[in-house]
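Subject: Handing over a structure, with notes

Dear colleague,

I am passing on to you the structure below, and underneath it I have set out what was found, in an order that I hope suits someone meeting it for the first time.

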Amino acid sequence: MAEEAGRALLGLLRRRLVDLLDGARQALQLDGLGPVDGPWTGSGLEGQLLAAPGHTGAGDAVTTKVLDILDQASVPSGQAEGGLFGWDPEPGGPSQARGIAYALRTGDVSRTDSPVLAAALAVTSPPGGAARLELVASGAANGTSAPALEFGGGWALRVDGEVAGVLRVGLGADGDVDVSGGAEGDRLRIEVSRRRPAAGQGRGQEPGIDLGGLALTLEVRIAGGRPRLRGGLKISGGEVRLAPGDFSALVPALGPLPLDVELGVDGERGVDLAGSAALVVRLPTGASMPGISAGPLDVTLRPAAPAADAVQVHVTTALGLDLPGLPIRLALAGVGLELPFSLGGSEVLGFDPRALVPIAPAGAGVELDLPLVKGAGHVRSAQQGEYAGTLTLRIPPVSLDAFGLLGLRPLSFLVVLGAAFPPPGIQIGFGFAITGLGGVVGVNRRVDREALAQAVADGSAAALLFPTDPSAQSRQVMAALPGIFPKAPGRAVVGPMFQLSWGRFVSASVALLLELPDPVRVSILGKLVVAVPDPLLPLVQLQATFMGQVDPGEPSVTFQASLIGSRIAGVPLAGDVFLLSRGGAEAEFVLSAGGFHPRYNRPRGVPALARLGMDLSPSPLIGLRCAAYFAVTSNTVQFGARVELVAEVAGCGLRGHFAFDLLIQLRPLYFIAEVSAGVAVEIAGETLVGIQLSLALEGPTPWHARGRGSVDLFLFSASFDFDEVWGASPSAAQPATPDIFRQLTVAYGDPASWTVRAPDPNAGPVRLTGRAARALSEGTVVHPQGSLATRQRALPLGVTVTRFEGLPVAPQFWDVSDPFFRVGQRAEGTGEEREQFPPGQFLDLTDDERLSRPAFESFKAGLGLTADGLLFAAARGTELDYETKVVAGPEETRRLTVGHLGSLLRQVETVAGTGIADPLWWQTPDERIAVAAGPELVVADTWSLTSRGGAGTTVTEAHEFAGLLADRGRPVGVVESWEMTD
């Protein structure tokens, strides 16, 4: 079977050679050509050799290229002559389509007594038949002295041999060979060669293959009365420039690898590559570059699909890489490229760089060499540009297993390692012991909160912490790592990992992860296992995988735990627990065990949680499952449960359920209670008898009860519904309006409602003394360039409120206007001051609004203030020291007119800003990037989604503005700005 590849390649080469020359024949004008005589008389070619044909201008790009090469022959004067001629396949015979031939006379052609070898390679196309090649030769020429015909591009043609009579060899595209004439021992050798291009001449820098110097030979010999065709192709001085795929980020300049190889051609066996009929060979290279070592080249040739008319050249090698700046060495196998050598079928003759396919390694060997940590392992491709795998590390005196993740664009890596100690571990007192140590190190990586929460929920995060069987769990871990620790240029993840145990019953694995640098985030990943009375045969096994994250930048604290893998007396126990405490513009508090009420809209950052549930099935024929949840949010308490029973055999049996859900809103007091129950007897999937009941109660102002019941029998069904409302509506009777003005006055009179704000210390060249800085921080004085801010927490300003302190009030609107410090001293507002308020305590909201609106929104609560003119305390004398410093630059003199401290500050700012750029006097401000909190809300036309005016920064303010427009008969709604059409 190995020889099949060589024979297939020979067949492809033979067919393409015939097709190329036949294409040249069809592009030439052959009619009216007369025989050639003179020096060709007696050569054995007379009568068949015709005058040189003319070009018709037809033919494709490859045909034109072939004809150009044949026309560029340069014949040494007096030593050889040849060229492109017409060809008569059968002189004096039946009329046949004329062909073309390239004919050559070599030897000392200037002397009639000197031996001369004449040879011609012709292509003809018989009527109704396929094109054929015909090789005709006679005479003799010495191989060592036979001159060569020079062509463009360093190509040359040399023919030598000895033929007693006239040797004719016919070769068809399908491989059939017929010989006429000739005698035993006749020999003809044709050599086409190309000099190796000099450096920089046609040798590219991009990935590809240069063949260098070429020598193509074809020899025909008559032995035993049979023709024998042999040939070969020798490549010397070639080179391969590889494209290591994703690893090109680590190999900025992989030098060319040498390529020297020979191909053999035999008329019977086909083509062989360095003696391999399977066309597979390994070539030594010995190449090396700084930080890179290359192994041998593996070269494979294989014919492409028959319609492709190309030979696929597959070249790979092994590379050893020392990663720049990292203590890691990689061993890559199978790095290379696949490049087709087109034989003219695709308008290209030669290597086609457009079809080059880089071959990236499927994996890499890894060696880690840190001062205290050494190890090795193997990583394989996890996703584009990332490789993941397992490592075996040694931290004297212990060995441990690790999971590794290597990213290439940009360069990053992550190692999660852990070593478990044999029982009883390292005792630390009170029955506790350290049974494992490890850590996490990541460069250009961060922790993705959502992905980590998902890994906790599905249980895959547990495998990261001291896995019991790293080999068996590696696939699960490798799939999770890229999502949990995504690439993040400039970030790092570091942290220790511990495994603790208490006796034989309790074990806990905890990893503390720090994300650096600023902003610093803290993440905790852990697994708690409780197994009693014995871990080998536990009656109760509780396994909780948990994660927590502290983000000071938001700020927020998140905690999530999952009970996947837990059992009580063999009964599976599952469910999730979640905690979120968030401040800032989207303040929120959520604590849930098992999820939320079905009508509750989860806030941002809160994932879907699995119910706390147990499968109480005593046998495969009976299914009994219980699921429950309990949740507390900023303004609600929620809990509920569901019990399901299924007892079936072959589609016949009993089905039933009981469920309740309760949501309580705290301020104002409001609740929704829903109960449902049902039981049915089924036969063959059809209900024989069934009862369904659902009840809902809302209140207390007003009370709203609704229900639905149904009885289903085999022949008929009946249902009954009710929907009742009673009690006073909040809008029926408005209570007396509380004295909100008094409470606002008290709130603004509280010193805690006032804040003194100092200016940016980098905004001016003046530096205050420690005593002055303390006075500013205590709020007893205000910096002349500073400001005041007042903010109360009693009532949101700028919106119409209908409730206060949980009680209904008449609709009213409060705001701050015309502030002043004292009579005659007006205060200038510098902008709104906002505070988080729960809208449910100040607005009448529908049930859907209570569940869908944010629990807290940022409302206007006060103003920032600055004086219209500066107010100064009593003057205090002091002595001013000064320092003289010469600053290079254009000279500029300014006169300072100082009336008071504020004037001095302004004058110094002017001088410093325009005349002194030295950092000693004027500090460069710390530039930071501000990230928008969320999409902007816009009031838009509900039909065309075009803007109908501005809107507030909160959901409530946007809806209030939309309500004003709706009162004027304009159909509007609140959308996010990205939904707009203009």
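A good place to begin is a pair of charged side chains, Glu 644 and Arg 642, which meet in a salt bridge with 2.7 Å between N and O. Glu 644 is partly exposed at a relative accessible area of 34%, and Arg 642 is likewise counted as partly exposed, at 34%. Please keep in mind throughout that this is a predicted model, and that every value in this message is computed from it.

That pair belongs to a wider set, since the count of salt bridges comes to 34. In general terms, side chains of opposite charge can pair when their charged atoms come close. Another example is Arg 708 with Asp 721, whose closest N and O atoms are 3.0 Å apart; because Arg 708 sits in strand E47 and Asp 721 in strand E48 (residues 717-726), this pair ties together parts that are 13 residues apart in sequence. Arg 708 itself is partly exposed, with a relative accessibility of 45%. There is also a network in which salt bridges with shared partners join Arg 158, Asp 160, Arg 187, Arg 189 and Glu 191.

A further salt bridge links the side chains of Arg 230 and Asp 266, at 3.8 Å from N to O. Here Arg 230 belongs to strand E14 (residues 226-241) and Asp 266 to strand E15 (residues 257-266), so the parts tied together are 36 residues apart in sequence. As for their surroundings, Arg 230 is partly exposed at 45% relative accessibility, whereas Asp 266 is buried, with a relative accessible area of 9%.

Turning to the protein as a whole, its secondary structure consists of 9 helices and 57 strands. Of its 982 residues, 40% count as buried, and the accessible surface comes to about 50,500 Å², with 59% of that belonging to carbon and sulfur atoms. When one takes the contacts between residues at least 6 apart in sequence, 56% of them join residues at least 24 apart.

The interior is described next. The largest nonpolar core has 55 residues, and within it Ile 209 and Leu 393 touch the most other members; strand E22 (residues 328-343) gives this core its largest share, 7 residues. Apart from that core lies another, of 34 residues, which includes Ala 27, Val 123, Leu 133 and Val 163. Beyond its neighbours within four places in sequence, Ile 209 is in contact with several residues, among them Val 240, Leu 259, Val 313, Leu 337 and Phe 351, and the list of its contacts also includes the charged residues Glu 239 and Arg 241.

Nonpolar side chains also appear on the outside. A surface patch with about 1,000 Å² of accessible area together includes Leu 654, Val 679, Ile 691 and Phe 714, and strands E45 (670-683), E46 (686-699) and E47 (703-713) each supply at least two of its residues. Leu 654 lies in strand E44 (residues 652-665) and is partly exposed, at 31% relative accessibility.

Two peptide bonds and two backbone angles deserve a look, given that most residues other than glycine have a negative phi, and most peptide bonds are trans. The bond from Leu 516 to Pro 517 is cis, with omega near -10°, and Pro 517 is placed in the loop between strand E33 (506-516) and strand E34 (521-532). A cis bond also joins Gly 699 and Pro 700, with omega about 10°, and Pro 700 lies in the loop between E46 and E47. Leu 279 has a positive phi, near 60°, and is found in the loop between strand E16 (270-273) and strand E17 (280-283), where it is buried at 0% relative accessibility. Asn 444 also has a positive phi near 60°, although Asn 444 is in strand E31.

Strand E31 (residues 432-445) also holds Val 441, which is partly exposed, with a relative accessible area of 40%. Val 441 and Val 416 are 25 residues apart in sequence, while their C-alpha atoms are 6.7 Å apart in space.

Finally, the count of disulfides comes to 0; of the cysteines, Cys 626 is partly exposed at 30% relative accessibility, and Cys 652 is partly exposed at 32%.

With best wishes

Terms used
Residues numbered from 1 in each chain as written. Predicted model: local features only at pLDDT ≥ 70, side-chain atom pairs only at ≥ 80, totals over all residues. Heavy atoms only, no water. Core = buried A, V, L, I, M, F, W, Y, C linked by side-chain atoms within 4.5 Å. Buried < 20%, exposed > 50% of the residue type's maximum accessible area, 1.4 Å probe, protein only. Helix = DSSP H or I, 4+ residues; strand = E, 2+ residues; numbered from the N terminus. Contact = heavy atoms within 4.5 Å. Disulfide = S-S within 2.5 Å. Patch = residues over 30% accessible without salt bridge, like charges linked within 9 Å, V, L, I, M, F, W, Y side chains within 5 Å. Areas by Shrake-Rupley, 256 points an atom, 1.4 Å probe, with all protein chains shown as cover. Salt bridge = Lys/Arg side-chain N within 4 Å of Asp/Glu carboxyl O.
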